[in-house]
Amino acid sequence: MPRTEAEREAEHQRLEDSETADSLATGTAQWQARVSLSSHREAVALAHTLEGEGRTVVRRWKFLVVGANNEDEARELAEHIRSEAPPDAIVRAEPAGVRLPFIAF
């Protein structure tokens, strides 16, 4: 187990690098941002916005899933989506359930 802050940071970076390598090797996102919206119309609009940014989006009636390579990217993506989503949207970063095609940013 890492004992110092520098060791913890190095271990975290090793894990992020490993997740990204897995994403690249498999061609699928290892993490995702999941967005729950209050209406189908909001889901469609946000999906179009994110797709316009070049992101791969899986849309189901009132929720979206957007792939990320690793946990840090998923958290950053979730923050970005929160800034574009309606205020009542629920956005969270989580390990991927749906395997999305990898898209490099």
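## Helix α1 and the strands β1 to β3

The buried residues of α1 are covered by elements that include β1 (31-36), β3 (63-68) and α3 (71-84). The model is a predicted one, and the account below starts with the helix and then turns to the strand pairing.

Helix α1 holds 22 residues, 5-26. At 1.5 Å a residue these should span 32 Å, and the end C-alpha atoms are 32 Å apart, so the expected and computed spans agree. Within α1, the residues E16, E19, T20 and S23 are buried, that is, under 20% relative accessible area. They cover an arc of only 95° around the axis, which means that they lie on the same side of α1. On the face turned away from this buried side, α1 carries the exposed residues A6, A25 and T26. Just after α1 comes G27, which takes a positive phi of about 75°.

Strand β3 pairs with β1 and also with β2 (residues 57-60). The two pairings are set out below.

| Strand pair | Sense | Bridges | Residues standing opposite |
|---|---|---|---|
| β1 and β3 | antiparallel | 6 bridges | V35 and L64 |
| β2 and β3 | antiparallel | 4 bridges | V58 and V65 |

The connection from β2 to β3 is a hairpin through 2 residues. In β3, L64 stands opposite V35, while V65 stands opposite V58. In a regular strand, side chains alternate between the two faces of the sheet.

Strand β3 thus has two roles in this description: it pairs with β1 and with β2, and it is among the elements that cover the buried residues of α1.

Methods
Residues numbered from 1 in each chain as written. Predicted model: local features only at pLDDT ≥ 70, side-chain atom pairs only at ≥ 80, totals over all residues. Heavy atoms only, no water. Expected span 1.5 Å × (residues − 1). Buried < 20%, exposed > 50% of the residue type's maximum accessible area, 1.4 Å probe, protein only. Arc of directions from axis to C-beta. Contact = heavy atoms within 4.5 Å. Pairing = 2+ DSSP bridges.
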